[in-house]
Amino acid sequence: MANVRGEFSSRIGFILAAAGSAVGLGNIWGFPTQTANNGGAAFVLVYLILAFSLAYPAFMAELLIGRYGQANAVTSLQKLSRTLFQKRFAFIVGFGGIIFASLILSFYGILAGRMMSFAIEPITQIAGLDAISGWVVTDSLIRNLFFTASFMFLTLYIIRKGVKEGIEKWSSRLMPLLIGLLICLIVYVFTLEGASVGLNAYLNPDFTRTLDPNLIISALGQAFFSLSIGTSTMVIYGSYISKKENLISLGAQVTLIDVSIAFLAGLLIIPAMYVAQAQGVAIFAEDGSLISGSNVVFVVLPSLFSSMGAVGSIVAFTFFVLMTIAALTSSISMLETPVSYVVERHNMERKKASMIIGGVIFIISAAIISNVEVLLGLVITIATEYGQPIIAMLACIFVGWIWHRNEILKELQQGNDDVENSFFWKVWPWYVKFICPTAIALVFIHYLNT
Ligand code: PFF
């Protein structure tokens with residue numbers, strides 16, 4: 001029975017699954033690191049504004065395409081197309097998103113595997129397994145392969161089970177746990193010396209920096225990555241939403257959760273950086289930049305945890321389990337994107353499709369691991385800096401210029417009778433037609449120029 005389509009069984013199931021996709025390493029690792037690198041609170045402010053004013057409209061465009069099409073990304077987009085040219089365009093957008101989701105998973109799996117290894121290291125230490133403990137955190141080829149494979153295996157295990165039993169069930173369990181763990185850690189860090197200086201840097205913006213073009217562009221890129229836009233992922237999640245649901249409010253809630261968790265993660269990690277600095281770990285250079293750059297979470301936090309004595313092992317374990325959980329609810333959404341395409345377009349059995357695609361993605365990960373220095377950065381750049389903005393821009397163009405306004409309205413009216421008079425309907429169609437594509441094009445042009 002390859003072609004029975006799944007559907008999220010409840011509203012909360014969808015919210016948790018989509019928020020699970022959105023919330024990941026981008027929020028808990030990327031956002032705080034970017035915040036620390038870009039003037040603290042000024043970046044937070046710009047990020048918040050852009051997430052709601054630009055990323056949310058693009059996110060809604062993708063959800064809406066999926067809910068209308070009730071199919072994988074390519075089929076959904078093709079259902080909106082009338083001419084042969086539009087159908088080809090639809091294929092490029094849908095399939096392009098699927099390719100970039102797969103590429104993102106190939107490097108995401110490596111980073112998430114590292115998270116897993118850092119979660120296991122404190123356990124091996126407590127158990128007195130020194131040899132294993134050393135191996136677990138050494139940056140070796142075998143270790144990276146082993147943990148990437150373990151993480152991919154977990155992702156596959158969930159995806160093989162399908163929408164209700166796999167994605168929805170696990171996201172519903174893991175997301176509340178993640179939020180709970182995050183709050184406990186924040187409370188803990190606030191009790192430590194130096195945290196209040198960090199809190200001030202995080203919440204007190206230097207308004208002059210908010211107009212810095214580099215800061216604006218980084219914040220926009222971060223918001224797109226964080227909401228999983230431009231990967232066909234939200235098209236496929238949208239296709240599993242029942243026609244009875246109010247899409248506008250569902251999308252807004254997911255955006256709100258995503259942004260709030262990024263905000264919470266900053267509330268934990270920025271003060272933690274200052275705590276570490278107060279304890280003598282060199283984190284900031286004299287000019288205020290991060291000494292270990294984007295590695296801050298991998299390098300600095302373990303040293304902070306280890307300086308906490310016995311409690312530190314528990315904190316380290318909790319923190320990295322949290323990171324692994326966040327990564328897992330994102331990776332299942334990335335794998336679902338190509339899997340649903342192959343299941344529906346090539347009539348392949350779900351388990352078989354998951355195994356084959358998971359295997360191919362792992363081979364790409366293994367290739368990256370074989371030359372991390374060069375390939376990791378390259379794949380991240382191709383997929384997130386070029387791929388995501390281009391596909392998101394094309395999806396907005398599709399909705400704004402190809403899909404008929406009346407049909408969009410009809411789709412939005414399912415599950416929401418009052419759309420026509422809403423603020424959303426007055427503003428959003430213009431946004432996706434003009435502002436989103438233009439803004440994304442500007443980001444893209446910036447990347448080409450740097
Ligand atoms: N939104 C995820 C994060 O912030 O970590 C990353 C992500 C998930 C990107 C799914 C793309 C995607 F399709």
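Here is a short tour of this predicted model, going from the whole chain to the ligand and then to one helix pair.

Start with everything shown as cartoon. You'll be looking at 18 helices and zero strands. Turn the C-alpha trace along its principal axes and it spans about 65 × 50 × 40 Å. The radius of gyration is 21 Å, which agrees with the value near 22 Å for a compact globule, given the chain's 450 residues. If you colour by burial, 52% of those 450 residues count as buried.

Next, select the ligand and the residues around it. There are 16 of them, and G24, G26, S228, T231 and T233 come nearest. Show these five as sticks, then bring up the rest of the shell. What is its make-up by class? Ten residues are polar, six are nonpolar and no charged ones turn up.

Now highlight the helices behind that shell. At least two shell residues come from each of α1 (11–22), α2 (25–37), α5 (84–126), α10 (213–226) and α14 (310–345). Give each of the five its own colour.

Keep α5 on screen and add α16, residues 372–402. The axes of α5 and α16 come within 9 Å and cross at roughly 150°. An angle over 145 degrees counts as roughly antiparallel, so α5 is roughly antiparallel to α16. Look down through the pair and you'll find the crossing of α5 and α16 is left-handed.

Last stop: turn on side chains where α5 meets α16. The residues of this contact divide into 16 nonpolar and seven polar, with no charged ones.

Note on methods: Residues numbered from 1 in each chain as written. Predicted model: local features only at pLDDT ≥ 70, side-chain atom pairs only at ≥ 80, totals over all residues. Near = placed C-beta within 6 Å. Helix = DSSP H or I, 4+ residues; strand = E, 2+ residues; numbered from the N terminus. Nonpolar A, V, L, I, M, F, W, Y, C, P; charged D, E, K, R; others polar. Axes fitted to C-alpha atoms, helices over the stretch in contact; angles between N-to-C directions. Parallel < 35°, antiparallel > 145°, perpendicular 65-115°, else oblique. Left-handed = near helix turned anticlockwise from the far one by under 90°. Rg over C-alpha atoms; globule rule 2.2 N^0.38 Å. Buried ≥ 20, exposed ≤ 12 C-beta atoms within 10 Å, placed from the backbone.
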